[in-house]
Amino acid sequence: ELQRSGFIVPVQRAQKPKQGESPRQSQHGSLSRVESLNIQLELNLRTSDDLSTPSTPSSSNSNSDYGVSPTDAYLGKPETPPPDPSLLLETNHFITDLSFAFVHDRIQQAAYELIDPGNRSGNHLKIARSMFEAAEKDEKFFHDNLFDIVNHFNQAIEILKLKGMKSLRRQVVELNIFSAKRARAGASYMTAINYCRSGLDLLDLLDGDSVRSVGRSWEDDYDSSYQLTFEYATVLY
């Protein structure tokens, strides 16, 4: 619904065809902006042809195999309406990844405010888990999206504190330690402080702005407790 309203736009990554093969036959890969435009144009033409869209008046003078000149299709002439995006995904299987982006931060904020506050933590946790699973299989994805993953987890701290979440909770603590160190290395001290506080909160060691010197976490997970306390003191200094 957001896509139809124009509030979000699709961001596609397509496979790069090998020499002598069609886009449908290609394996996973990335394309330059020019190559992506050419393939997207070809998709539009093919889909229009599949839907038996009437040819444009200029098609008789075109060398295109699809009955539509590339110029007319790119300029969006009325005679060649753009295909339905959902149909495009069904008829062109070489697209391996599709994501969406809000056209403006304020629109994203407005959409977020529509979510029931009671469901937000659960949604953040689902997103974090999904991204973390992908990160475990792709090291580059992990490093590129570390802060986003941890931020989503930290929005679900109250859920992570529940019984039965001990294993995941420890993983999130480690992610906060790693994120705090990276933020400090980049001179983002306030960001590092927030990651330290989130980790300490998960260990139940945060008491206002202070760190408890005693607690179960010092016995059950001394290493993480020490690292977070040390990192917290470092960035505060």
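Biologist: Before we count anything, what is a salt bridge here, and how many does the structure hold?

Modeller: A salt bridge is a side-chain nitrogen of Lys or Arg within 4 Å of a carboxyl oxygen of Asp or Glu. Keep in mind that we're looking at a predicted model. By that rule, the number of salt bridges the structure holds is five.

Biologist: Okay, take K140 and D144. About how many helical turns separate them?

Modeller: These two form a salt bridge, with the closest N and O atoms 2.7 Å apart. Both sit in helix α7, residues 139-154. Because they're four residues apart in that helix, the separation is about one helical turn.

Biologist: And is D144 buried or exposed?

Modeller: Its partner K140 counts as exposed, at 59% relative accessibility. For D144 the relative accessible area is 51%, and the cut-off for exposed is over 50%. So D144 is exposed.

Biologist: What about D201 and K161: how many residues apart are they?

Modeller: D201 forms a salt bridge with K161, and their closest N and O atoms are 2.7 Å apart. That pair links distant parts of the chain, with D201 in helix α10 and K161 in the loop between α8 (157-160) and α9 (166-185). D201 is partly exposed at 23%, and K161 is partly exposed at 34%. In sequence, the gap between them is 40 residues.

Biologist: Which helices are tied together by R184 and E231?

Modeller: The closest N and O atoms of this salt bridge are 2.4 Å apart. The two residues are 47 apart in sequence, so the pair ties together separate parts of the chain. R184 lies in one helix and E231 in another, namely α9 and α12.

Biologist: Is E231 buried or exposed?

Modeller: R184 has 30% relative accessibility and counts as partly exposed. E231 comes out at 3%, while buried means under 20%. So E231 counts as buried.

Biologist: How does α10 run relative to α12: roughly parallel or roughly antiparallel?

Modeller: The axes of α10 (residues 189-202) and α12 come within 9 Å and cross at roughly 155 degrees. That angle makes α10, relative to α12, roughly antiparallel. As for handedness, α10 passes α12 in a crossing that is left-handed.

Biologist: Last one: which residues make the nonpolar surface patch?

Modeller: Start with Y226, which lies in helix α12, residues 222-236. Y226 counts as partly exposed because its relative accessibility is 42%. The patch covers about 370 Å², and the residues making it are Y222, Y226 and F230.

Key: Residues numbered from 1 in each chain as written. Predicted model: local features only at pLDDT ≥ 70, side-chain atom pairs only at ≥ 80, totals over all residues. Heavy atoms only, no water. Patch = residues over 30% accessible without salt bridge, like charges linked within 9 Å, V, L, I, M, F, W, Y side chains within 5 Å. Areas by Shrake-Rupley, 256 points an atom, 1.4 Å probe, with all protein chains shown as cover. Buried < 20%, exposed > 50% of the residue type's maximum accessible area, 1.4 Å probe, protein only. Axes fitted to C-alpha atoms, helices over the stretch in contact; angles between N-to-C directions. Parallel < 35°, antiparallel > 145°, perpendicular 65-115°, else oblique. Left-handed = near helix turned anticlockwise from the far one by under 90°.
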